[in-house]
Amino acid sequence: MQEYFLLFMGAMFVNNIVLAQYLGNCPFIGTSKDTGVAIGMGGAVVFVAVMAAGITWLVQAYILAPFGLAYLQTLAFILVIAALVQFVEMFLKKMVPPLYKSLGIFLPLITTNCAVMGIALICQREEFGLLKTVLFAFASGLGFMIALVLLAGIRERLAVRRLPIAMRGTPIGLVMAGLMSLAFFAFKGMI
Amino acid sequence: MNRLWKEFSKGLWTDLPPFKLVLGLCPVLAVTNTASNGLGMGMAVVFVLTLSNLLISLVRNLIPAKVRIACFIAISASLVVAVELLMQAFAYPLYQQLGIFVPLIVVNCIILGRAEAFASKNPPLLAVADGLGMGLGFTMSLTFLGSLREVLGAGQLFGVNVTWQGFEPFGFMVQAPGAFVSLGVLLSIMNFSENIRRRRKGLAAVQGPTHDCGSCGGCGQSSNPA
């Protein structure tokens, strides 16, 4: 039990997927101008990351490994993720319209979000079992969401401040992300 | 010939990938802790980008518009698998240093962005020039950022000591926070110099290029959902 708890907290805070592992930076900087948008994007990432990590684990264990095709991992994973995103989008549109309304516009952006594929690859490199993979993906997705929403809050406040014109927009967003990353360093001593 | 040079050279300055087109940030931040990692990553991207631009441009009239993104992903993923195998064979230490960022070249916005914005609309020769220029610009930026961080963070350049005796390296620079801050500061310096240039011409200062997730084009959406 304790092992799983540590894995969960470790993935969420200590090795935060954006601030310590440098994954998913494009949406992190790109969609953090507004808190509402950030929550939607974060939710979509959590949802897709968990499903993608689980399915790619199954693909690796039952298709790639038995047939000696492990070198095709990259190709297989990205195709699985791209197909999965399409299916999720169609499924939500048809079956759960309210959820589609809040997450829908972010789903196409997720295929090329390296956090989703990165989480699946990390799980393979660490040789997690299926349960650990799903837990790790969930925690990492939540970590992404926390970082994104916090940064969006900071940038909403910065938007009404007077800044040197050269710093406005992306540069100040990156510097703020750096300061947040420094703050998350404090969690390093926790585990 | 003129056109070819124009497409090649725009990647080297006017559209310099991570700074002017703010695309593909993950490897820019992650592998620039040393100059040699940045250079190695850049070379891998040059290889994938040039070949994927060539292949996509060759088949651009055969691919139905609706499934083009999937086709682009499949083509670039095959090339990335090739790069992975080549690196395992000839540059194993680098492959281990770069870790999961080698397979993640697949989802690098630059590859899909150039495929969507350029290679799918232009003949093969121009697409190769574009890919080569963008790739070399990307390599240049990564090596520059890597050198900066390595010199300040470890006092070395390509693994060779370059600082004076008693220089205390800022460990911060080679860690994650240093990556974010140094890229942000570099971007603002680029914007600042651009604005000085504009002021000389008598134009008003502008905000630098903004980073939209949708600008990579990898998802078939042309604009930011926000």
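**Tyr95(B) and its partner**

I looked up Tyr95(B) at the outset: in this predicted model the residue is buried, with a relative accessible area of 10%. I then turned to Tyr92(B), which is partly exposed at 41%. Both tyrosines belong to helix H5 of chain B, which covers residues 92-98. They stand 3 residues apart, about one turn of the helix. I noted the ring geometry as 6.1 Å centre to centre with 25° between the planes. The pair is classed as stacked because planes under 30 degrees apart count as such.

**Aromatic pairs elsewhere**

I checked the total next: over all chains the structure holds 7 aromatic pairs. One of them joins Phe13(A) and Phe187(A), whose ring centres are 4.8 Å apart. Their planes meet at 35°, so I entered this pair as tilted. I then asked which parts of the chain the pair links. Phe13(A) is in helix H1 of chain A, whereas Phe187(A) is in the segment after helix H9 (170-184). The two residues are 174 positions apart, and the pair thus links distant parts of the chain.

I compared the accessibility of each partner with the cut-offs. Phe13(A), at 17%, counts as buried, because the class takes values under 20%. Phe187(A) has a relative accessible area of 25% and is partly exposed. I also found that these two residues form one aromatic cluster together with Phe184(A).

**Charges over rings**

I looked for charged side chains placed over aromatic faces and recorded two cases. In chain A, Lys188(A) lies over the face of Phe185(A), 4.5 Å from the ring centre. In chain B, the charged end of Lys10(B) sits over the ring of Phe118(B), at 4.5 Å from its centre.

**Positive phi values**

I searched the backbone for positive phi. Tyr22(A), a residue other than glycine, has phi near 60°. Its place is the loop between helix H1 (2-14) and helix H2 (25-30) of chain A. I asked whether Tyr22(A) is buried or exposed. At 11% relative accessibility, Tyr22(A) counts as buried.

Glu127(A) is another non-glycine residue with positive phi, here near 55°. This residue lies in the loop of chain A that runs between helix H7 (114-125) and helix H8 (130-158). I entered Glu127(A) as exposed, because its relative accessibility is 69% and the class takes values over 50%.

In chain B, I noted Gly155(B), which takes a positive phi of about 70° just after H7(B).

**Helices H7 and H9 of chain B**

I went back along chain B to helix H7 itself, residues 124-154, which has 31 residues. From its first C-alpha to its last, H7(B) reaches 43 Å. That span is close to the 45 Å expected at 1.5 Å a residue.

I then located Phe192(B) in helix H9 of chain B, which covers residues 176-200. Phe192(B) counts as exposed, with 52% relative accessibility. I looked up its separation from Val206(B), 14 residues away along the chain, and noted 9.4 Å between the C-alpha atoms.

**Cysteines**

I asked how many disulfides the structure holds. The count over all chains is 0. Two cysteines of chain A were looked up for accessibility. Cys26(A) is buried at 8%, and Cys114(A), at 9%, also counts as buried.

**Chain A as a whole**

I closed with the overall description of chain A. The chain contains 9 helices and 0 strands, and its elements run α-α-α-α-α-α-α-α-α from the N terminus on. Its radius of gyration is 17 Å, close to the 16 Å that the globule rule gives for 191 residues. I therefore recorded chain A as being as compact as a globular protein of that length.

Along the principal axes, the C-alpha atoms of chain A fill a box of roughly 60 × 45 × 30 Å. I noted that 57% of the 191 residues count as buried. On contacts, I took those in chain A with a separation of 6 or more and found that residues 24 or more positions apart account for 77% of them.

Note on methods
Residues numbered from 1 in each chain as written. Chains lettered and ligands numbered in written order. Predicted model: local features only at pLDDT ≥ 70, side-chain atom pairs only at ≥ 80, totals over all residues. Heavy atoms only, no water. Helix = DSSP H or I, 4+ residues; strand = E, 2+ residues; numbered from the N terminus. Expected span 1.5 Å × (residues − 1). Buried < 20%, exposed > 50% of the residue type's maximum accessible area, 1.4 Å probe, protein only. Disulfide = S-S within 2.5 Å. Phe/Tyr/Trp six-rings, centres within 6.5 Å; stacked < 30°, edge-to-face > 60°. Lys NZ or Arg CZ within 6 Å of the ring centre and 35° of its normal. Rg over C-alpha atoms; globule rule 2.2 N^0.38 Å. Contact = heavy atoms within 4.5 Å.
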